[in-house]
2 protein chains.
Amino acid sequence: MKKIYLIGIGTGNPEHLTIQAINTFKKVNVFFILEKESEKNEDLVKLRKEILQRYLPDGRYRVMAIKIPERKKGGRELEVYKERVASWRKQKAEIISNLIKQEIADGETGAILIWGDPSLYDGHIEILNYILKEGWADFEFEVIPGITSMQVLTARHKIPLNFIGESIRITTGRRLKEIHPDDVKNSVVLLDNYLTYRNFADSDLHIYWGSYLGTEEEILISGRLNEVLDEIIKTRNEAKKNNGWIMETYILRAGE
Amino acid sequence: MKKIYLIGIGTGNPEHLTIQAINTFKKVNVFFILEKESEKNEDLVKLRKEILQRYLPDGRYRVMAIKIPERKKGGRELEVYKERVASWRKQKAEIISNLIKQEIADGETGAILIWGDPSLYDGHIEILNYILKEGWADFEFEVIPGITSMQVLTARHKIPLNFIGESIRITTGRRLKEIHPDDVKNSVVLLDNYLTYRNFADSDLHIYWGSYLGTEEEILISGRLNEVLDEIIKTRNEAKKNNGWIMETYILRAGE
């Protein structure tokens, strides 16, 4: 039998790794690093290789960096977006099932390193389940949880994720657009490349914003949204220009 | 200046600890282990001491186990519950500020070990912010994220937390009672001691249920709620009897 691990590695700080992740590394024969073709952020490939070098100093493993096709852009509408993600995942499933068949010998173990946690807005769990369901390759898999950007955001701002006994919504920029300011209450927003928080500039909401969380480039801004909005936009635009990429994570919260 | 760390230690598996948590341990002079007076689960104190022994074998630290008063029971109603938690937290704030004043010398570092992640349904972040705001003690603090039961649940069931581009609700048993089955969609439920999932027995919802997650006692059950409900209730009742305590985490999900 072949075995695949999906290993959550946190948000870029090598210290986010759990002992479980590191102990799992030691069982792995081949690590797959999947990167979008157009990926400008070579940093992100480098960072994963550095994590492996740090925790597996003896170098007895193979690393394969594989370019994967870019997802079709333009899916601002949720239904279009969902379709495009689903079709992109099928393409990735084909690539991954070929890797499993060709690059992992029977009895060997492969791993895919996942930013954050494999269960949160990632997709590899669904892809592996899909490959198994379709019978494209034969293997077992396990998931190793990792620290998410949401957790680093709250830790660094020193705020709880929840109010006492209250719910939390985790959502995306696309979904947030559809939510009325009065219904936002306490929402964590991930995958927002559209500065959707601008839509709430006239509300009484408070924002806890962060980027490059856990890394040396980390930026944190918080305050009443209408008071800090300009600062956030200016900061993120400059950082994006300097670093070539940006990922934003934030919480919008009423009643602060 | 005195320093306090709130350190997330995961759900009971010592391998859930991050390198950041372990490196933070090394800076700590005194660890506070806070336990409810009536706590039957001596296991949970023991487990934390074992974690310290494992990662700090030289033993150059102090450990103080402190009994804290029990929260007043009976707050099934949300408003009553919130009030009781708030007043309980004030009691804890008094105890913790005394510990900081009396047990940590200037320049020393204290730590509180937190199950899961300090930001998720815990309360110590708010307690420390409250002590600072009230001026009861003078210190700095930092938060170290940890793996939550929610993440271990999805990892072990090999399911994503979210559908593509969709939101997730994290909530409590008390809150869940107020939600109509059609609105549950994709909800993670924590802190449910009331078997609230029974309320949804007539729905089409799917449940992914887990307890003692990450430990050797781990139990996982999943399926259509109306098909697995009896098994879950039977299993949790037996486990509670055997172990003296139970914590349940589950996801209710439509459209599986």
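What radius of gyration would a compact globule with 256 residues have, and what does chain A have? A few notes on that and the rest of this predicted model.

1. On overall size, the globule estimate for 256 residues is near 18 Å, and chain A comes out at 19 Å, so the two agree. If you want box dimensions, the C-alpha atoms take up roughly 60 × 40 × 40 Å along the principal axes.

2. For secondary structure, chain A has 8 helices and 10 strands. Looking at contacts between residues at least 6 apart in sequence, 71% of them link residues at least 24 apart.

3. The domain assignment splits chain A into domain 1, covering 3-144, and domain 2, covering 149-253. Their centres, taken over C-alpha atoms, sit 26 Å from each other. The two parts do touch: 14 residues of domain 1 of chain A make contact with 17 residues of domain 2 of chain A, where contact means heavy atoms within 4.5 Å.

4. Now burial and surface. In chain A, 57% of the 256 residues are buried, with the cut-off for that set at under 20% relative accessible area. The accessible surface adds up to about 11400 Å², and carbon and sulfur atoms account for 45% of that area.

5. Last, the charges. Chain A carries 38 positive and 39 negative ones, and the mean positions of the two sets lie 3 Å apart. Bear in mind that His and the chain ends are left out of this count.

Definitions and conventions. Residues numbered from 1 in each chain as written. Chains lettered and ligands numbered in written order. Predicted model: local features only at pLDDT ≥ 70, side-chain atom pairs only at ≥ 80, totals over all residues. Heavy atoms only, no water. Helix = DSSP H or I, 4+ residues; strand = E, 2+ residues; numbered from the N terminus. Rg over C-alpha atoms; globule rule 2.2 N^0.38 Å. Buried < 20%, exposed > 50% of the residue type's maximum accessible area, 1.4 Å probe, protein only. Areas by Shrake-Rupley, 256 points an atom, 1.4 Å probe, with all protein chains shown as cover. Charge placed at Lys NZ, Arg CZ, Asp CG, Glu CD. Domains from an automatic or database assignment.
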